[in-house]
Each structure stands twice: as C-alpha cells, then as structure tokens.
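Hello,

Here is the structure we talked about passing on. Please open it beside this message; my notes follow.

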Amino acid sequence: MKRIAVLVSGGGSNLQALLDAAKDGDLPNGEICLVLASRADAFALTRAENANVLGMVRSPKDYPTREAYTEVLIRELQAMNIDLVVLAGFLFVLSPSFCEVFEHRIINVHPSLIPAFCGDGFYGLHVHERALKAGVKVTGATVHFVTAETDAGPIILQKAIDIEPNDTPETLQRRVMEQCEWKLLPRAVSLFCDGKLKVKDGIVQIEE
Ligand code: GRF
C-alpha cells in the first residue's frame, strides 16, 4: 500500500476526486493518509475531515524563508512515511530540495495541455483566460511528475476538450475540471500506486 499525502491551498475539488476514488475502490493500492494545507481556511480541510483523513495546516507565512518552509514539509511527510505527494491546487512553489527528496514521487495536476499555458503565473482562471485569448480550439488538463522547473516535469496523462464559442474563463475552468482533471488525477495516482509508472529519459512509460 502506497501512503499518499495531498497538498492543497483551496477548495480541494481534486482532493475530493481522490477521496471519492478511494471510497469507490478505484485506488486499491493507495491510502490517503494526510491532507496538508498551506492555509487554515482551505475548504479542502473540511473535505479531509469528512473523509476521516488527517488534516494539517502549515502556512508559509509562519516561516522566514521558502527553504525553511520546504524543510518543514519534508520533515512532516517523511515522519509519516509518505510515498507519494499529490499537489492538488497547492499554490506555493517549494524549494528544489523538495523535488530531489521526492523525485518522481510528486504528482501535479495542471489545467492546460502542457506545454501550452503553463509555467510561472499560469494558475487558476489565468490559464483559461490565456487559452481563450489565444483562440485555441482545444484545451484540457495534464497530470505530471513535478521537477524543479514549474510545470515542466514528465507528463503522465493528458485529456483534451473542445473550446465552445461562448466559453468564458469560468465555464472553461468548470468543464476542464469535471471532464479532465477529476478523471485524470485519480487515474494517475492509481497507476502510480500500482507501480505502473516508469520514467525513462524524462518520458513516462505506462505499463498496462
Ligand atoms: C485546479 O484547477 C488544478 O488544476 C490547479 O489548481 C486547481 C485546484 O482546484 N492546480 P481544487 O482546489 O482542486 O478545486
């Protein structure tokens, strides 16, 4: 059984998708052991409590530097023998040391088809605003392993949807979440826990 920690900052709908997958038996080889929030008012903490999962708050504001905050998180996760860290709307960029300690054991979900609309400054509604501005006809979501470079780690899964003529950033965000993110993330986490993800030369191979 792989021990999973989910790091969150906000609503936690992706966390909910994982909790639902676990409840439905779609995560047979994984256990969500910890939800760690960067803010005390993150609704994701309520979702964790409702699912009887341990919730913890560690705010970057309580630490003098990014490095100090990162070190605390590493210690907490190691103390709980965490095998997999899932970033599900975690709005804080951790130090590179985090990626070294948990190399190929950190999964992030991003609301675009990487390498489009990603990197520094591309988060939340901004991603969808930029996609609409660019006039692309498809967008989607990507689940990838995290490396020190933002949104640039090995891609695990992607799913595309069409952009509709009347889409706003809000409608697009909703459809990308419902149709892409909430499906891809539990699937990728399950594949990881089943030991089916291998990274070779920066490319993820899925052993089915
Ligand atoms: C999602 O769009 C995710 O792709 C991005 O942050 C958002 C988090 O939403 N990384 P939620 O907190 O899971 O509802």
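Start with the loop between E5 and helix H5 (125–134): Pro 115 sits there. This is a predicted model, so please read every value below as computed. The peptide bond that runs from Ile 114 into Pro 115 is cis. Its omega is near 15 degrees. Phe 117 belongs to the loop between E5 and H5 too. Its phi is positive, near 50 degrees, and the residue is not a glycine.

Now the overall fold. The protein chain has six helices and nine strands. Its radius of gyration is 16 Å, close to the 17 Å that the globule rule gives for 208 residues, so the chain is as compact as a globular protein of that length. Along the principal axes, the C-alpha atoms fill a box of roughly 50 × 40 × 40 Å.

Next, the ligand. Where does the ligand sit? The space it takes is the largest pocket. Three elements each give two or more residues to the shell around the ligand: helix H1 (13–23), strand E5 (106–110) and helix H6 (169–193).

Which residues are around the ligand? From the start of the chain come Gly 11, Gly 12, Ser 13 and Asn 14. Then there is Gly 89. Val 109, His 110 and Pro 111 follow. Met 177 and Glu 181 complete the list. By class, the shell divides into three nonpolar residues, six polar and one charged.

Three polar contacts are worth checking on screen:

- Gly 12: a backbone N or O atom lies 2.8 Å from an oxygen atom of the ligand.
- Val 109: a backbone N or O atom lies 2.9 Å from a nitrogen atom of the ligand.
- Glu 181: a polar side-chain atom lies 2.7 Å from an oxygen atom of the ligand.

How much of the ligand does the protein bury? Taken alone, the ligand exposes 370 Å². The protein buries 83% of that.

Over to you.

Best regards

Note on methods: Residues are numbered from 1 along each chain as its sequence is written. This is a predicted model: local features need pLDDT of at least 70, side-chain atom pairs count only at pLDDT 80 or more; totals for chains, interfaces and linings use all residues. Side-chain values use heavy atoms; hydrogens and water are left out. A residue is near a molecule or strand if one of its heavy atoms lies within 4 Å of it. A polar contact is a pair of N or O atoms within 3.5 Å; within protein, one must be able to donate a hydrogen and the other to accept it, and residues adjacent in sequence count only if both atoms are side-chain atoms. Accessible areas come from the Shrake-Rupley method with a 1.4 Å probe; for residues, only the protein chains shown count as cover. On a 1 Å grid over the protein atoms alone, a cavity is a set of points where a 1.4 Å probe fits but cannot get out, and a pocket is an open set with protein on both sides within 12 Å along at least five of seven lines; lining residues have an atom within 4 Å of a point. A molecule sits in a cavity or pocket if more than half of its atoms lie within 2 Å of its grid points. Helices (H or I, at least four residues) and strands (E, at least two) are DSSP runs, numbered from the N terminus. Ala, Val, Leu, Ile, Met, Phe, Trp, Tyr, Cys and Pro count as nonpolar, Asp, Glu, Lys and Arg as charged, and the others, Gly among them, as polar. The radius of gyration is taken over C-alpha atoms; the globule rule is 2.2 Å times the number of residues to the power 0.38.
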